[in-house]
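Work through the exercises below with the sequence and the 3D view at hand. Each task is followed by a solution in steps.

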Amino acid sequence: MTVLVTGANGFIGSTLVDKLLASGYSLRCLVRKTSDLTWLQDLPVTYSYADLRDARALGDLVSDAEIVFHLAGVTKARDQAGYLQGNYDATVNLLSACAAHGPKNQRFVYISSQAAAGPSLDGIALTEQDPPHPISLYGEAKLRAEQAVLEYSRDRFATIIRPPSVYGPRDRDVYVFFQTIAKGFLLLLGSGAQKISLVHIDDLVNGILLAAQHDAANGKIFFITSEGAYDWQTIGQAIAAALHKQPLTIKVPLWMLQIAAFFSVAFSRLQSKPALLNWDKVREMKQPSWLCSSALAQKELGYSPMISLTEGMEQTARWYRDQGWL
Ligand SMILES: NC(=O)c1ccc[n+]([C@@H]2O[C@H](COP(=O)([O-])OP(=O)(O)OC[C@H]3O[C@@H](n4cnc5c(N)ncnc54)[C@H](OP(=O)(O)O)[C@@H]3O)[C@@H](O)[C@H]2O)c1
């Protein structure tokens, strides 16, 4: 069976590729000429070079794919247009190619984000039934892409996965937290009391595969998350234990983050690059909780999170050490 993976060279995409190969699938990886292919090196996959913003380039790539895993997306952009082009336009272009050239029974799996749903209110984990209320340009673009996928699912199989923050080998976002703790500091942003959902990459990849395999997933959205609601102190302590460190806890107040965001945004404008810290990020950090429930995926897909926070952080720390990242 041939499957197409977009975003195949990225953190989640490359881990999905490994799992699909181990399961015997024949793979076509959609990458760009400029993509870093480190994680795909020496793998028995076919590369197809295309930029998803260019609709004309996509027809041939989807014509023999029985499943399309669409992971390509933009989490950091300079402005709203950048988020929309990288998430919404890219998804619409791919859907149009699938509708025009893909086999009728092709399955389309879209990796959206918890950001499309927005923060959890009153500390209660969001379900797929809760009305979406994104608070970032990224979340708005992901939500619009979701709406296009749901529209498409009226004619053909399509399903949506919403991961919360993902951690594990190859990740470079939660990695920053590992780096500061390895240097002896546990930085708590704002009050440090914010509670979030997290998912280990292996649990997420299992959830993505289950969604592709279940007929009942058509036209539906699933949060795929690990168990638990964690504040940053708890996450930091799990990382510290995995690194055998006793870091000094430093609280960084929100006003300091706002000043840092001001300079980061100004600097990024000068450099014409996306800011590392922007106003959306600060707004996200201000929310008391970002919790979501995978109860629906557990009920309808048989999904079951396997990796505890302790185990996941230990495995991830080992990987960073083995790679010389720490
Ligand atoms: N990591 C998380 O915590 C998290 C949480 C929730 C949802 N997600 C979603 O999961 C998906 C994968 O995330 P990730 O963490 O694996 O991100 P990543 O490592 O940054 O990978 C993103 C991938 O998308 C590709 N891409 C971006 N724009 C493209 C375009 N116009 N045409 C073709 N390819 C394009 C990138 O290619 P290049 O290498 O060429 O740039 C890269 O392969 C994204 O859609 C993201 O929104 C991630």
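How many Å² does the accessible surface of the chain come to, and what percentage of this surface belongs to carbon and sulfur atoms? The model is a predicted one. Its chain has an accessible surface of about 15,000 Å², and carbon and sulfur atoms hold 52% of that area.

**Exercise 1. Describe the overall build of the chain.**

Step 1. Take the secondary structure: the chain has twelve helices and 14 strands.

Step 2. Compare the radius of gyration with the globule rule. The chain has a value of 19 Å, and the rule gives 20 Å for 326 residues; the two are close, so the chain is as compact as a globular protein of that length.

Step 3. Add the dimensions. The C-alpha trace spans about 55 × 40 × 40 Å along its principal axes.

Step 4. Look at burial and contacts. Of the 326 residues, 53% are buried. Among contacts with a separation of 6 or more, 77% join residues 24 or more positions apart.

Step 5. Finish with the charges. The chain has 30 positive and 30 negative charges, and their mean positions lie 5 Å apart.

**Exercise 2. Determine how strand β6 is placed in the structure.**

Step 1. Count its buried residues. Strand β6 covers residues 157–162, and six of the six are buried, so the strand is largely enclosed by the rest of the structure.

Step 2. Separate the two faces. In a regular strand the side chains alternate between the two faces of the sheet. In β6, one side carries Phe 157, Thr 159 and Ile 161, while the other carries Ala 158, Ile 160 and Arg 162. Both faces are covered, since each of these residues is buried.

Step 3. Find the strands paired with β6. Strand β5 (residues 107–111) runs parallel to β6 and is joined to it by five bridges; within this pairing, Val 109 has Thr 159 as its bridge partner. Strand β11 (residues 221–223) also runs parallel to β6, with three bridges between them. Here Ile 161 stands opposite Phe 222.

**Exercise 3. Work out which strands stand at the edges of the sheet that contains β9.**

Step 1. Write down the order. The sheet is open, has three strands in the order β12-β9-β14, and shows mixed pairing.

Step 2. Identify the edges. β12 (230–231) and β14 (289–290) each have a single partner strand, so one side of each is left without a neighbour in the sheet.

Step 3. Check one pairing. Strand β9 (residues 195–196) is antiparallel to β12, with two bridges between them. Ile 196 has Tyr 230 as its bridge partner.

**Exercise 4. Classify Leu 4, Ser 264 and Asn 206 as buried, partly exposed or exposed, and place each in its element.**

Step 1. Recall the cut-offs: buried is under 20% relative accessible area, exposed is over 50%, and partly exposed lies in between.

Step 2. Leu 4 is in strand β1 (residues 2–6). Its relative accessible area is 0%, so Leu 4 is buried. Beyond its neighbours within four places in sequence, Leu 4 contacts residues including Arg 28, Leu 30, Leu 61 and Phe 69.

Step 3. Ser 264 belongs to helix α9 (residues 254–271). A relative accessible area of 17% makes Ser 264 buried. Apart from neighbours within four places in sequence, Ser 264 touches Ala 275, Leu 276 and Leu 277.

Step 4. Asn 206 sits in helix α7 (residues 201–213). With a relative accessible area of 26%, Asn 206 is partly exposed. Its C-alpha lies 13 Å from that of Phe 69, although the two residues are 137 apart in sequence.

**Exercise 5. Examine two aspartates with positive phi: where are they, and are they buried or exposed?**

Step 1. Asp 42 has phi near 65°, a positive value in a residue other than glycine. Asp 42 lies in the loop between β2 (26–31) and β3 (46–49). Its relative accessible area is 78%, so Asp 42 is exposed.

Step 2. Asp 122 has phi near 55°, again positive in a residue other than glycine. The loop between α4 (114–117) and α5 (137–152) holds Asp 122. Its relative accessible area of 75% makes Asp 122 exposed.

Step 3. Relate Asp 122 to Leu 4. The two residues are 118 apart along the chain, and their C-alpha atoms are separated by 40 Å.

Notes. Residues numbered from 1 in each chain as written. Predicted model: local features only at pLDDT ≥ 70, side-chain atom pairs only at ≥ 80, totals over all residues. Heavy atoms only, no water. Helix = DSSP H or I, 4+ residues; strand = E, 2+ residues; numbered from the N terminus. Rg over C-alpha atoms; globule rule 2.2 N^0.38 Å. Buried < 20%, exposed > 50% of the residue type's maximum accessible area, 1.4 Å probe, protein only. Contact = heavy atoms within 4.5 Å. Areas by Shrake-Rupley, 256 points an atom, 1.4 Å probe, with all protein chains shown as cover. Lys, Arg positive; Asp, Glu negative; His and termini not counted. Charge placed at Lys NZ, Arg CZ, Asp CG, Glu CD. Pairing = 2+ DSSP bridges.
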